[in-house]
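Here is a short note on one structure, in numbered points. It covers aromatic pairs and one pocket.

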Amino acid sequence: TDILADLETTVKDISNLQRPLVESSLPDWLSDTLLNSVSHIRSAWFQSNGQWRQWEAYDCVNVDSIHNDGERHIPYIMFLPETTRNKMRAWGATQQSNGMLP
């Protein structure tokens with residue numbers, strides 16, 4: 001779906017995702033760090049079958065690139081744990097006989 005089709009809902013969803021960090025008793029520096037640690041979420045989406053996917057970058061055709069997941073997985077495990085489970089299932093489904101993941 002087009003993100004601008006229901007901009008009000010999109011903005012509300014983003015606000016709801018950020019609210020626990022913005023309105024917390026955490027020190028400002030920690031709240032800011034955690035909030036910015038998920039800034040790359042802008043290149044992610046849920047597919048119609050519920051699977052979570054994320055582009056490596058807008059200028060790259062790789063989806064769910066393992067080599068970029070180091071900076072992504074901790075905030076996702078904290079805030080959206082099912083996304084990590086989805087990626088692990090997808091990686092497992094494409095694992096090669098020698099153990100390598102494409």
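1. Rings of Phe, Tyr and Trp, the last by its six-membered ring, count as a pair if their centres lie within 6.5 Å. The model is predicted, and a search of the whole structure gives two aromatic pairs.

2. One pair joins tryptophan 45 and tryptophan 55, with 5.3 Å centre to centre and 40 degrees between the planes, and is tilted. Tryptophan 45 belongs to strand β1 (residues 44-46), while tryptophan 55 sits in the loop between β2 (52-54) and α3 (73-79), so the pair ties together parts that are 10 residues apart in sequence. Both partners are partly exposed: tryptophan 45 has a relative accessible area of 27%, and tryptophan 55 is at 33% relative accessibility.

3. Phenylalanine 46 and tryptophan 52 make up an edge-to-face pair, at 4.8 Å centre to centre and with 70 degrees between the planes. The angle counts as edge-to-face because it is over 60 degrees.

4. Is each partner in that edge-to-face pair buried or partly exposed? Tryptophan 52 is buried, at a relative accessible area of 4%, whereas phenylalanine 46 is partly exposed, at 49% relative accessibility. The value for phenylalanine 46 falls short of the exposed class because that class needs over 50%.

5. The second largest pocket has a volume of about 190 Å³. Its lining consists of Arg53, Val63, Asp64, Ser65, Ile66, His67, Ala90, Trp91, Thr94, Leu101 and Pro102. By class, six of the residues lining the second largest pocket are nonpolar, three polar and two charged.

How values were computed. Residues numbered from 1 in each chain as written. Predicted model: local features only at pLDDT ≥ 70, side-chain atom pairs only at ≥ 80, totals over all residues. Heavy atoms only, no water. 1 Å grid on protein atoms, 1.4 Å probe; cavity = no way out; pocket = protein on both sides within 12 Å on 5 of 7 lines; lining within 4 Å. Points joined across faces, edges and corners; volume = space filled by probe spheres on them. Nonpolar A, V, L, I, M, F, W, Y, C, P; charged D, E, K, R; others polar. Phe/Tyr/Trp six-rings, centres within 6.5 Å; stacked < 30°, edge-to-face > 60°. Helix = DSSP H or I, 4+ residues; strand = E, 2+ residues; numbered from the N terminus. Buried < 20%, exposed > 50% of the residue type's maximum accessible area, 1.4 Å probe, protein only.
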